[in-house]
Amino acid sequence: MMTARSVRSLSRALKPVLNARLLRVCDAAQSIQRQKSTYTSIVSMTTYRLLEAHAMHMHRRFSLCVCICALCVHAFQPPPARYGGRHTVTLIPGDGIGPELANHVCQVFRFCCVPVDFEVVNVDSAMISEDDISNAIMAIRRNGVALKGNIETNHNLPPSFKSRNNLLRTTLDLYANVMHCKSLSGVRTRHGNIDIMIIRENTEGEYSSLEHENVPGVVESLKIITRTKSLRIADFAFRTAREKGRSQVTAIHKANIMKLGDGLFLECCKEVAGGYPDITFDSMIVDNTTMQLVSRPQQFDVMVMPNLYGNIVSNVCAGLVGGPGLVPGANYGEDYAVFETGTRNTGKSIAKRNTANPTAMLLASCLLLDHLKLHTYASMIRRATLSAVTETQLHTADLGGQCSTSEVVQSIMNAIKSTGRLTLNS
């Protein structure tokens, strides 16, 4: 056992070392704060000051070092699983056209020698037990990233049955759904020159799965809006706008009727907007938004909104640029990312007919590759996929064409091979 004198001696000996480490850690923390957005900086600096006050009060500089180190580590997103230069990605085929589109993604990845190994996890949407979705969530936690087809939610199942898609997003806290709707040449649409980024809060609102029947014939369904999550999605929207070189963010709401819930969301967006003076902020009521989208969609740049409005607006925007077969989607959290088609349709009516448009799923896989920092492969596949739609104009039935899914995919692989890139057939 150490005596009081030996403890004091050890403390004096360690003091220069700990002070030097403290300075280096503080410098690193300050550097991180400079690189972060305004809202995140306020939160992190508040946490830092609380930690510092606690450590000074307890006269434990070493505890302060450990606490600040933990804060610095938390600022960095852990990398996805990577072994021997290859990435392991969870693949959830889903229902409807999901499995066949997932197979085409695997086919293109093999052809392009993409260093990705898929861990396939099948989820049975008709299964009452949550074992399948629990296995899928565990796999995503293990690998950090996933590509998924949409999982059907049958509204005829008991009220206790939870949407597997919603369960996955809330359990992994994939709070930001991002969908980029952009006009493509060669695709006939009513409007042109559309370039809209939709950012949707993904974990609360009307999708909180909190409803009950008070008495027979009277049902209450709770819409949850919290300040913490509203600030978080608003900051994500403004940060994304700045990173993408966008100039305007529009908050979509219904605060004229839901003064507390949507009022809180709008208030949070205004608060965060104050930290981004270089980006114009405005707001619009959701019903007016849908009318403006179908009459003059070019006025929108980045749109941020609660969960249900995001579902409706994203489907409208996908229709404006050509339909659900063209637009990919991404779901981001602090630790995990899941990529899928933007509108989350199962396409059950055209399953196994070889007529589904593979564009959205292939573009979603490109977003996945960008997330893994495999930008060369992402650019190669994205360029060939968009070329098939805009230049070669090999269109499936949803775009008014007669091409099959496999014909479009084969054309994409031929386009990749013609660039001289390394492929399986090179």
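Contacts in this predicted model mostly reach far along the chain: among those between residues at least 6 apart in sequence, 75% join residues at least 24 apart. The protein chain has 426 residues, and 48% of them count as buried. Its secondary structure comes to 13 helices and 13 strands.

Next comes the question of what fills the inside. In soluble globular proteins, nonpolar side chains tend to be buried together. Here, the largest nonpolar core holds 38 residues, and L369, I381 and I416 are the ones with the most contacts inside it. Pieces from many parts of the chain feed into this core: the strands β2 (86-92), β4 (145-148) and β13 (337-341) each supply at least two residues, and so do the helices α4 (98-111), α11 (359-371), α12 (375-390) and α13 (405-418). Helix α4 gives the largest share, seven residues. For a closer look, take I381: with its neighbours within four places in sequence set aside, I381 touches V108, F109, C112, V114, C366, L369 and I416. Apart from this core lies another one, made of 26 residues, including A176, I199, A234 and A237.

Helix α13 is a handy one to follow along its length. Its 14 residues should span 20 Å at 1.5 Å a residue, and the C-alpha atoms at its ends are indeed 20 Å apart, so the expected and computed spans agree. The buried residues in α13 include T405, V408, V409 and S411, and I412, M413 and I416 are buried too. Which helices help to cover these buried residues? Among what covers them are α4, α11 and α12. After α13 comes G420, with a positive phi near 85°.

Now for the cysteines. A disulfide is a covalent bond between the sulfur atoms of two cysteines. The model has zero disulfides. C113, for instance, is in no disulfide, and the nearest cysteine sulfur, which belongs to C112, is 7.5 Å away. C113 is partly exposed, at a relative accessible area of 30%. Why does C366 go without a bond to another cysteine? The closest cysteine sulfur, again in C112, is 9.1 Å from the sulfur of C366, and that is too far for a bond. C366 is buried, with a relative accessible area of 0%.

Charged side chains make up the last part of the picture. Side chains of opposite charge can pair when their charged atoms come close. The count of salt bridges in this model is 15. In one of these salt bridges, the side chains of R142 and E119 meet at 2.5 Å, N to O. R142 sits in helix α5 and E119 in strand β3 (residues 116-120), so this pair ties together parts that are 23 residues apart in sequence. R142 is partly exposed, with a relative accessible area of 44%, and E119 is also partly exposed, with a value of 24%.

A salt bridge between D301 and R246 has its N and O at 2.6 Å. This pair links distant parts of the chain, 55 residues apart: D301 is in the loop between α9 (286-295) and β11 (302-305), while R246 is in the loop between α7 (227-243) and β9 (248-253). D301 is buried, at a relative accessible area of 13%, and R246 counts as buried at 13% as well.

R344 also has a partner: its salt bridge is with E340, and the closest N and O atoms are 3.1 Å apart. Both R344 and E340 are buried. K148, E340 and R344 are joined into one network by salt bridges that share partners.

Then there is a buried charge that goes without such a partner. D132 is found in helix α5 (residues 131-143). How far from D132 is the nearest side chain of opposite charge? That side chain is R164, 7.6 Å away, and D132 has no salt bridge although it is buried. A salt bridge needs the nitrogen and oxygen to be within 4 Å, so a gap of 7.6 Å is too wide to count. Leaving out its neighbours within four places in sequence, D132 is in contact with V121, N122, V123, D124 and M127.

Definitions and conventions. Residues numbered from 1 in each chain as written. Predicted model: local features only at pLDDT ≥ 70, side-chain atom pairs only at ≥ 80, totals over all residues. Heavy atoms only, no water. Core = buried A, V, L, I, M, F, W, Y, C linked by side-chain atoms within 4.5 Å. Buried < 20%, exposed > 50% of the residue type's maximum accessible area, 1.4 Å probe, protein only. Helix = DSSP H or I, 4+ residues; strand = E, 2+ residues; numbered from the N terminus. Contact = heavy atoms within 4.5 Å. Disulfide = S-S within 2.5 Å. Lys, Arg positive; Asp, Glu negative; His and termini not counted. Expected span 1.5 Å × (residues − 1).
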